[in-house]
Structures are given as C-alpha cells and as structure tokens.
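Welcome! Please take a moment to look over the sequence and turn the model around on your screen before reading on.

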Amino acid sequence: MTSNATVSTGRSPTALRVLPDPAENEEVLRYLSASRLKCWSGCRRQFYYRYVARIETPTAPALFLGQAVHELLRLYNWRRWKGESHDADQLRNELESWWTHEAPTANVAWKKPEDEGKARDQAWSLVETYLEQQPEAPNGKPEGVEVQVDCELGSGIPPLIGIIDLVRAPGVIIDYKTAARSPDPTMAAHQHLTQLCCYALLFREATGRKESGFELHHLVKTKQPKMAIHCLDPMTSTQEAQLFFLIDDYLDGIASERWLPSPGQHCAWCDYSDRCRKESGIS
Ligand code: SF4
C-alpha cells in the first residue's frame with residue numbers, strides 16, 4: 001500500500017529545513033524508518049557504524065531465529081488473508097526451506113555447531129505456541145498482512161517507510177516480537193514507542209483512519225514457550241510530536257555529522273563495542 005499525501009508536521013512551511021546536502025550521506029537521507037530512528041535515539045555512534053559506514057557484522061542467533069518466526073507467521077497470515085486452510089506440516093516444511101536458503105548467507109554467529117539445529121527447533125516451537133495461543137480464529141481474515149507503506153511527512157523530510165506485520169479489524173496494528181523472557185508491559189510499551197508511532201503514521205496515511213490500538217505479540221523463548229500480548233492505546237498527539245522532534249534531531253545530527261557515542265548498559269550487546277572502545281581510546 002503506497003500513498004503520497006502529506007502529513008502535517010504542525011509547523012509553518014518556513015520553519016522547515018531544506019534537506020542537508022546528500023553528497024556524503026545519500027543513503028541515510030533517502031528515507032526514514034523505525035529502525036533507523038530507534039538506532040539514532042539509542043546511540044549516534046552506533047548509527048554511524050551501521051548506516052553511514054555500513055560496517056557489516058555477523059547476524060546474532062536470536063535475530064536470525066526471530067526472522068524465521070516472522071517469516072512463518074507471515075506465510076500463515078497470508079494464507080488466512082487469502083481464505084486458505086492452515087496446514088502445520090506445510091508450515092514446518094516451509095521453515096526448513098527458508099532456513100536452508102537463508103542460513104548459508106546470513107553469517108550467523110553460532111557459538112557451537114549444534115546451536116543452529118536447536119535454534120531451528122526453537123523457532124518451530126514458538127510458531128506452534130503462536131498457533132495454539134493466538135487470540136484470533138485461524139479462519140478469521142486479517143485486514144492486512146506484511147503491509148508495506150510509505151508516506152511523505154512534509155517538505156524537507158525524507159519519506160517514512162515501513163512494513164506492518166499484521167492489521168486486525170478494526171484497525172489494530174500487531175507487531176511480533178521474540179523475547180528471552182516475559183517482558184514487563186510498561187517497559188515493552190516504552191521500548192517500542194518509536195516503532196509504534198512510525199506505524200501509526202503509516203497506517204493513518206495509508207487508510208485515512210486512526211488506528212484503534214496496538215498489540216505487541218511476544219513469543220517468549222522459555223523452556224516451555226509462551227505468548228504474552230500487550231495491548232496499547234492509539235498514538236497520542238504528544239507521542240506524535242515527540243516523533244517529529246526525533247526526526248528533527250535525526251536530520252540535524254546527520255547534517256552536522258554528530259556521531260556522538262552514548263555509553264551505557266546497552267554497550268554490552270552492541271555489535272561495534274570493540275571498535276567504539278578503540279576509537280574512544282579505551283583498550
Ligand atoms: S559501544 Fe556503546 S557507545 Fe559505542 S557505539 Fe556501541 S552503543 Fe554506542
């Protein structure tokens with residue numbers, strides 16, 4: 001679904017900046033996405049390594065497992081959308097095919113060779129858990145599946161693009177997460193706020209309607225996998241304004257190449273921590 005209408009930023013046109021010269025940072029200024037904005041708000045130095053210098057890193061096993069689960073749920077929901085019946089054996093075979101095709105090129109950082117098989121089995125048990133515990137009837141038709149949307153945000157701002165996992169009538173935006181443990185509902189809402197606000201803008205742009213809410217569907221990788229659903233209210237005008245402040249900061253920061261490190265606990269799982277420490281003079 002693609003739309004070209006303009007969303008008001010709440011500012012007068014004269015207050016809008018002209019985009020910075022894209023010569024140096026053409027790729028990062030081509031479009032905005034939830035993952036780019038989230039990375040920017042977390043650590044500008046990490047953003048630089050990932051999106052400007054484009055330093056490739058091995059894929060984390062948890063990320064690869066999450067991608068496999070997303071793919072299977074996409075196939076499952078796509079069949080529901082088309083009114084086709086669900087077949088667990090077919091889905092399991094599709095997991096095997098996806099894995100065989102993707103794993104060789106994904107450069108996954110398995111710690112031990114046997115971890116790959118365990119991760120594949122775990123991905124399947126998470127999908128089985130979803131099929132058993134999902135709140136919707138398997139034959140219910142979703143409003144949208146893997147909805148790809150882009151929208152213009154106004155003069156001087158690159159377009160926002162994104163893919164929404166699932167939309168359930170009436171206008172509930174659903175996002176899938178895989179997690180090692182049950183997330184705290186308030187923290188989950190806080191951590192994913194930027195992403196959900198981006199989806200709200202995209203949904204409103206594509207449909208001309210306000211979303212009726214969000215659901216975070218967490219598939220938890222405990223010994224006995226389980227599903228945790230967190231329901232959230234629609235985006236508020238304050239949250240929307242915060243998102244536009246973040247976009248302002250993003251564009252200004254890229255224009256002035258403010259790649260500041262933001263040291264903190266999150267450095268423990270940063271893909272670039274060795275490089276960052278060295279460049280900061282810490283051996
Ligand atoms: S190690 Fe920390 S400060 Fe450095 S890039 Fe990663 S998140 Fe940022």
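## Getting started with strands

Two strands pair if DSSP finds at least two bridges between them. Keep that in mind as you look at strand β2 (residues 160-168), which pairs with β3 in the antiparallel sense over 3 bridges. Within this arrangement, leucine 166 stands opposite isoleucine 174 in β3. The hairpin of β2 and β3 has 3 residues between the strands, and glycine 171 there takes a positive phi near 75 degrees.

## The model as a whole

What you have in front of you is a predicted model. The average pLDDT of the protein chain is 88, and 90% of the residues score at least 70. Residues 1-20 are a stretch to treat separately: pLDDT stays under 50 there, and the model has 43 contacts beyond four places in sequence for them.

How many helices and strands does the protein chain have? There are 9 helices and 5 strands. Following the sequence from start to end, you meet them in the pattern α-α-α-α-α-β-β-β-α-α-β-β-α-α. Of the 283 residues in the protein chain, 45% count as buried. Contacts also link distant parts of the sequence: among those between residues at least 6 apart, 74% join residues at least 24 apart.

## From β3 to β4 and β5

Let us return to the strands. Strand β3 covers residues 172-179 and is mostly covered, with 7 of its 8 residues buried. Besides pairing with β2, β3 is joined by 8 bridges to strand β4 (residues 213-220), and these two run parallel. You can find two of the partners yourself: tyrosine 176 has histidine 217 of β4 as its bridge partner, and alanine 179 has valine 220 of β4.

On to the next pairing: 7 bridges join β4 to strand β5 (residues 226-232), and the two run antiparallel. β4 and β5 form a hairpin with 5 residues between them. Here histidine 218 has alanine 228 of β5 as its bridge partner, while glutamate 215 stands opposite cysteine 231 in β5.

Are the residues of β4 buried or exposed? Gly213, Glu215, His217 and Leu219 point one way, Phe214, Leu216, His218 and Val220 point the other way, and all are buried. That fits the count for β4, where 8 of its 8 residues are buried.

## Two loop residues to compare

Threonine 59 sits in the loop between α2 and α3 (61-82). Its relative accessible area is 14%, and because buried means under 20%, threonine 59 is classed as buried. What is around threonine 59? Leaving aside neighbours within four places in sequence, it is in contact with Phe64, Ala106, Asn107, Val108 and Ala109. One of these, alanine 106, has its backbone oxygen 2.6 Å from a polar atom of the threonine 59 side chain.

Now find arginine 181, in the loop between β3 and α6 (185-191). Arginine 181 has a relative accessible area of 63%; the class of exposed starts over 50%, so arginine 181 is exposed. Arginine 181 and leucine 219 are 38 residues apart in sequence, yet their C-alpha atoms are 8.9 Å apart in space.

## Helix α1 and what covers it

Helix α1 spans residues 34-42, and its buried residues include Ala34, Arg36, Leu37, Cys39 and Trp40. What covers the buried residues of α1? The cover includes α2, α7 (193-207) and α8 (237-255).

## Around the ligand

Finally, zoom in on the ligand. Which residues surround the ligand? They are Cys43, Arg45, Gln46, Pro261, Ser262, Pro263, His266, Cys267, Cys270, Ser273 and Cys276. The elements that give two or more residues to this shell are α2 (44-52) and α9 (273-279).

Sorted by class, the shell around the ligand has 6 nonpolar, 4 polar and 1 charged residues. Try picking out each of them on your screen, using the list of residues around the ligand.

Note on methods. Residues are numbered from 1 along each chain as its sequence is written. This is a predicted model: local features need pLDDT of at least 70, side-chain atom pairs count only at pLDDT 80 or more; totals for chains, interfaces and linings use all residues. Side-chain values use heavy atoms; hydrogens and water are left out. A residue is near a molecule or strand if one of its heavy atoms lies within 4 Å of it. Helices (H or I, at least four residues) and strands (E, at least two) are DSSP runs, numbered from the N terminus. Ala, Val, Leu, Ile, Met, Phe, Trp, Tyr, Cys and Pro count as nonpolar, Asp, Glu, Lys and Arg as charged, and the others, Gly among them, as polar. Buried means under 20% relative accessible area, exposed over 50%, partly exposed in between (1.4 Å probe, protein chains only). A polar contact is a pair of N or O atoms within 3.5 Å; within protein, one must be able to donate a hydrogen and the other to accept it, and residues adjacent in sequence count only if both atoms are side-chain atoms. Contact means heavy atoms within 4.5 Å. pLDDT is the predictor's confidence in each residue, from 0 to 100.
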